[in-house]
Amino acid sequence: QADFLEPRSTAPVPPLRRTFFFCSSAMALSTSPSVATAPGAALAQQPAAAAAQPTPEMVDGVQPEYLGMVKSYNARRGFGFVACAATAEKFGRDVYIAKAEAQLAFAEGSNQNVFVGRSAADRQQPLSLAEEDLIRFRVRLSVEGFPQAEQIQRLRKFQGTVMQPPALDGAIVTDGNADGRIISDELAAVFGQREAILRREHCGHARLAVGDRVTFCIQSEGELVTLPNGQRLREALLVMLVPRPMTAAGILGCFVLNLPRAPVHEGWPMRPNLLLDCHALNDRIILSGLPQDTDEAELMRFFGKHGAIGASVAFSRSSAFASVAFPSSAEPTRFVARYVHTFADDKETRLARLQPHCNGAECASRLPGLPAPILTHGGEAGVLFVAWSPVVLATSYVVELRPAGVQAQWTMVNASNGQLGNDAASRFDRDCSSCRVHGLPTNTVFEARVTYLTACGCQSDASDPSEWCLACASPAPAMPGVMAMPQLATMPGSGANLKYYWPQAQAPMPLMPQQLAPQMAPDGWGGAWQQAQPMLAAVPQQLQPQLQQPQPQ
């Protein structure tokens with residue numbers, strides 16, 4: 001998200017001088033408030049009379065301007081805050097809005113753009129700042145060195161439709177143009193142009209799609225950008241996705257959250273930052289890569305300030321996941337639109353940063369796995385039927401089978417012919433929730449698992465293995481196996497079409513399958529023990545002390 005610094009035309013500065021600052025999402029996370037207190041330390045060295053007055057921020061003799069969004073404003077209490085990535089990086093905190101400055105915003109900075117689209121009756125009503133207003137402002141430093149907004153001017157907020165989304169971070173662009181386009185009738189009414197340039201750095205980590213509604217502002221005095229085809233357009237700034245309907249499927253954002261942690265106890269050393277793979281959905285954010293000492297309370301200290309109503313943490317065999325629930329889609333939409341978020345924790349303001357998700361198999365984000373699929377006989381010799389629970393996030397599914405009880409390699413099911421064969425290009429469609437597997441040996445017991453992939457290129461953990469099943473022509477007795485199947489728990493949360501499941505502990509099942517009894521050797525259980533030995537590799541370590549070879553009678 002870009003924040004621009006530009007001298008106002010009314011200030012005593014050289015004309016036509018413009019300064020632009022872009023905030024890179026790859027900059028290091030700041031967890032120290034020293035940048036905010038440094039100006040106060042400088043003021044302490046000045047005479048007391050001068051230190052009592054707020055000091056305008058100056059850069060090379062010029063008081064810069066910023067663009068930001070009103071994060072909060074309480075007209076009754078008379079103050080608010082501005083969210084701006086550039087000021088957060090510079091001062092380590094949000095910019096304070098005083099009531100007097102908010103009231104002067106429209107007496108001093110009103111222009112025709114403020115009233116575009118407002119009825120005559122609405123124009124007679126006193127205007128006041130509100131959350132999500134887009135503003136241009138300057139900064140002065142308080143005696144303590146904290147940033148305060150002044151010369152606030154509310155900017156016209158346009159609505160438009162995404163005609164072409166910008167390229168994602170790390171995406172390969174074939175035509176050399178990674179920019180997108182927005183079309184807006186409101187923009188045409190003010191500037192005479194219906195299109196605006198949409199760049200990735202101005203819309204945060206929101207995954208925009210064709211047809212999405214967005215809000216944005218325009219630097220009215222800025223120069224037009226010349227495109228490779230010679231077309232000259234204005235650039236959309238502070239772009240935010242209009243919340244999608246709760247029934248809409250898809251991912252709002254895929255990113256890495258760099259979240260600072262407080263010490264375990266006061267006076268203890270700081271803990272390393274959390275680096276969490278995140279997927280923002282309509283009403284929740286799914287996190288993976290949590291360390292073992294992360295709990296719901298720690299997550300809510302941060303996400304609670306962004307409107308979260310609850311968090312749940314669960315651990316699977318290979319990873320740890322969390323689901324942070326929100327009351328609507330508006331909160332996750334606002335969250336992914338910004339690169340930097342401030343939050344106060346233990347008397348200190350910290351910065352959390354949303355970083356691009358790294359591409360590649362070695363660092364791919366993970367998502368919670370599905371419940372164990374259901375594996376049954378297919379009514380014919382050598383045929384098995386696999387059924388699984390579909391999820392709205394999935395764009396494709398991978399189904400795998402292997403001989404049960406011998407720790408064999410998993411083999412993919414080819415979606416085109418229903419036979420085993422590791423063809424990575426052959427996956428089952430998002431609307432598919434079952435398949436038939438042909439050409440299996442009838443004397444082998446199989447187990448199955450399912451993995452799903454998403455539009456952002458990430459994949460889930462593999463599901464737990466299914467119950468064992470023999471590829472025979474007629475129904476066979478259920479084979480309990482030697483490994484207990486885990487229970488499945490639903491991730492709590494309200495208003496969600498998508499449910500996530502994680503394995504939980506379960507008491508062990510009987511270790512000796514009854515189906516072995518007809519195959520016993522003449523020497524009784526001693527012979528059956530030799531036949532069952534290949535299955536012991538699947539027995540959990542904690543259960544193995546219970547298994548002892550029977551002594552000859």
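## Burial of strand S15

A residue counts as buried when its relative accessible area is under 20%. In this predicted model, that cut-off is met by 7 of the 7 residues of strand S15 (residues 253-259), so the strand is largely enclosed by the rest of the structure.

Both faces of S15 are covered. One side carries Gly 253, Phe 255, Leu 257 and Leu 259, and the other carries Cys 254, Val 256 and Asn 258; all of these residues are buried.

## Strand partners of S15

Strand S15 pairs with strand S16 (residues 274-280) in the antiparallel sense, over 7 bridges. Within this pairing, Phe 255 stands opposite Cys 278 of S16.

Strand S15 also pairs in the antiparallel sense with strand S21 (residues 348-356), here over 4 bridges. Asn 258 has Arg 353 as its bridge partner in S21.

## The second largest cavity

The whole structure contains 2 cavities of 30 Å³ or more. The second largest cavity holds about 70 Å³ of space. Its lining consists of Leu 259, Pro 260, Arg 261, Ala 262, Leu 274, Glu 298, Arg 301, Phe 302, Phe 343 and Asp 345. Among these residues, Leu 259 also belongs to the buried set of S15.

Helix H8 (296-303) and strand S20 (340-345) each contribute at least two residues to this lining. The largest share, 3 residues, comes from H8. By residue class, the lining comprises 6 nonpolar and 4 charged residues, with no polar ones.

How values were computed
Residues are numbered from 1 along each chain as its sequence is written. This is a predicted model: local features need pLDDT of at least 70, side-chain atom pairs count only at pLDDT 80 or more; totals for chains, interfaces and linings use all residues. Side-chain values use heavy atoms; hydrogens and water are left out. On a 1 Å grid over the protein atoms alone, a cavity is a set of points where a 1.4 Å probe fits but cannot get out, and a pocket is an open set with protein on both sides within 12 Å along at least five of seven lines; lining residues have an atom within 4 Å of a point. Grid points are joined across faces, edges and corners, and a volume is the space filled by probe spheres set on the points. Ala, Val, Leu, Ile, Met, Phe, Trp, Tyr, Cys and Pro count as nonpolar, Asp, Glu, Lys and Arg as charged, and the others, Gly among them, as polar. Buried means under 20% relative accessible area, exposed over 50%, partly exposed in between (1.4 Å probe, protein chains only). Two strands pair if DSSP finds at least two bridges between them.
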